[in-house]
Amino acid sequence: MSKYPDEQNILRDPRWEVTEAARRIQQALTRMGLCYETKDGHLVEVSYSRIGVVGDQYGLLEVDLQRLPRKVTVNKLAHRDTLHHLTAVVGKPVKKLNTTGLTYCVVLSPEPKGRLPKRVELDVDSRPPGEYMIPIGQGCQGAVWRSLLDTSHILVGGESRSGKSTWLNCLLAALLNVYGTDRLNVAIIDPKGVEFTAYAGIPHLVVPIAEEPKQAGEVTDWLMGEMNRRRRLFTGYFAKNLMTYNSRADKPLPLIVTVIDEVTDIALQCGLRSRFYTNLIRLASKAGSFGIILVLATQNPKAEVLNTLIKGNLSTRIAFRVATPEHSRTILGVSGAEKLSREIRGRMLARLDAELVELQGFLVNDAQIMALAERLGSRLTKPPLEPVERDLVAYAVEHLGGGFKIGELARAFAGDERTSAWHIRKLAERWEQEGLLTKPAHATAPRMVTPRLLSLLTR
Ligand SMILES: Nc1ncnc2c1ncn2[C@@H]1O[C@H](COP(=O)(O)OP(=O)(O)OP(=O)(O)O)[C@@H](O)[C@H]1O
Ligand SMILES: [Mg+2]
């Protein structure tokens, strides 16, 4: 994992690097007196007519000779001592290009070893050992995972369609894939009402997914109640965190992951004096030690909502591309996320353990999530089969080689009006549409029972 010790080195984008060099060179020349102050106090500095990058290795800064400050000459600007000084200021070799006019040539940093991929599917099996590990992203040297016990509360920011919800989905998928309801509970607030629908009805949810501000307030009420209940329980065991409590108590408590998407919008809708917002501040400051972890995402990182009361307690920060340096500062504490490429969705700067790293977020597709939710028993997925449906499927598998033969089934189940040929045909057509039966191979062939239908039989 690469380290970025200061803001200047956050991104190795050559365009950004050369603009930064241009700014520093201009400042340095001014400080060396290579500028001119007009009588009315206006400062005329050396300026550029063109700034460009050649092959990602060199930055070219063409000095605008038409607008040279008075008394400043090309000889002075290209003097060996000046170049020497500029090299020191920029921190990279600055030379004069041998062309007419004056063009500074800045040697840019070499490419970092290993490039980040532009797209990585989440590989749940690459999960390193450890409790409550969540995938953060792919770095130059491999996948970066962290334990929620270490990250504590998380703030995720980024402009629209930058990859926030996808990241939250990866986090949920990775955890739900491993932990049952005895170890993990989930609360979700999703004002858009589209990002987490697959999880509606999974048994891990402590309360139904909230979409309205009022419901959001109720979720935080529930969490406050649970936090206070846990506070009393913990006191009895002299426990200061969930792991200690669980190692001492007879009945362990699950970690509760609370995902709040578009948190700024709900906070503003509810109002900054609302129950939702005051609860949120209390939860951010105290809930972590009781095993209630907040994961807050926003495309609108307003400082008035994400004030120090909240942000101060969200120690892990993830910034996807943002619109302005201010937004980057609100999320990460430094600018830089506004320079992330808009084309590469899921690219992020992550502040982990007080270290800033650039990573490519993982991608998890809808099919994976649906399969997971189905396994967990989401309401959206197929409800269990009716007894009569079970009998039909069982008969087709045992006596008809898996063929859902309408005539034969109707004969076998004759006498029951729910299993008339007409009813069975309707059922077969519906199941075919739902992908539970295959399409008939030819006009007279039967539809076949799929493994998915079979799995519903065993549920
Ligand atoms: N890590 C990723 N790798 C590749 N593509 C991604 C990644 N994350 C997101 N995308 C793509 O970008 C699209 C938008 O992502 P997502 O819905 O997560 O953005 P968002 O930040 O939640 O947007 P909004 O603020 O509008 O809710 C996704 O549909 C997906 O196609
Ligand atoms: Mg989203």
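A residue counts as buried when its relative accessible area is under 20%, as exposed when that area is over 50%, and as partly exposed when the value falls in between. The close-up views below apply these words to a predicted model.

**View 1. The magnesium ion (ligand 2) and its protein donors, S165 and E195.** In this predicted model, the protein donors of the magnesium ion are the OG atom of S165 and an OE atom of E195, and they lie 2.0 to 2.7 Å from the ion. Because S165 belongs to helix α5 (residues 164-176) while E195 belongs to the loop between β11 (184-189) and α6 (213-236), the pair ties together parts that are 30 residues apart in sequence. S165 has a relative accessibility of 11% and therefore counts as buried, whereas E195, at 25%, counts as partly exposed.

**View 2. The packing of helix α6 with helix α9.** Two packed helices are described by the angle between their axes and by the distance between those axes. For α6 and α9 (residues 275-286), the angle is about 35° and the axes are 9 Å apart, and the crossing of the two helices is left-handed. On the α6 side, the residues in contact are A216, G217, E218, T220, D221, L223, M224, M227 and R231, and on the α9 side they meet R275, F276, N279, R282, L283 and K286. What kinds of residue make up the contact of α6 with α9? They divide into six nonpolar, three polar and six charged residues. An α-helix has 3.6 residues a turn, so residues three or four places apart point the same way.

**View 3. T258 in strand β12 and the residues that it touches.** T258 is found in strand β12, which runs over residues 255-260, and with a relative accessible area of 1% this threonine is buried. Leaving aside residues up to four places away in sequence, T258 touches A187, L223, I292, I293, L294 and V295. One of these contacts, L223, is also among the α6 residues that meet α9. As for a more distant pair, the C-alpha atoms of T258 and D366 are separated by 21 Å, and these two residues are 108 residues apart along the chain.

**View 4. Helix α11 and the loop residue I344.** The buried residues of α11 (325-332) are S328, T330, I331 and L332, and they pack against β10, α10 (308-311), β14 (316-319), β15 and β16 (355-360). After α11 comes G333, a residue with a positive phi near 95°. I344 lies in the loop between α11 and β15 (347-352); is this loop residue buried or exposed? With a relative accessible area of 16%, I344 is buried. Its contacts, not counting residues up to four places away in sequence, are K118 and Q360. I344 and G163 are 181 residues apart in sequence, and their C-alpha atoms are 9.7 Å apart in space.

**View 5. Two loop residues with positive phi, R161 and F238.** R161 has a phi near 60°, which is a positive value in a residue other than glycine, and the residue is found in the loop between β10 (154-157) and α5. At 61% relative accessibility, R161 counts as exposed. F238 likewise has a positive phi, near 50°, in a residue other than glycine, and its place is in the loop between α6 and α7 (242-248). F238 also counts as exposed, at 71% relative accessibility.

**View 6. Cysteines C105 and C140 in a model with zero disulfides.** A disulfide is a covalent bond between the sulfur atoms of two cysteines. When a pair of cysteine sulfur atoms has to lie within 2.5 Å to be counted, the count for this model comes to zero. C140 is in no disulfide, and the nearest cysteine sulfur, which belongs to C170, is 19 Å away. The relative accessible area of C140 is 36%, which makes this cysteine partly exposed, while C105, with a relative accessible area of 9%, is buried.

**View 7. T19 in helix α1.** T19 has its place in helix α1, which covers residues 14-31, and at 46% relative accessibility it counts as partly exposed. The C-alpha atoms of T19 and Y245 are separated by 53 Å, and the two residues are 226 residues apart along the chain.

Methods
Residues numbered from 1 in each chain as written. Chains lettered and ligands numbered in written order. Predicted model: local features only at pLDDT ≥ 70, side-chain atom pairs only at ≥ 80, totals over all residues. Heavy atoms only, no water. Donors = N, O, S within 2.8 Å, 3.2 Å for Na, K, Ca; no water. Helix = DSSP H or I, 4+ residues; strand = E, 2+ residues; numbered from the N terminus. Buried < 20%, exposed > 50% of the residue type's maximum accessible area, 1.4 Å probe, protein only. Axes fitted to C-alpha atoms, helices over the stretch in contact; angles between N-to-C directions. Left-handed = near helix turned anticlockwise from the far one by under 90°. Contact = heavy atoms within 4.5 Å. Nonpolar A, V, L, I, M, F, W, Y, C, P; charged D, E, K, R; others polar.
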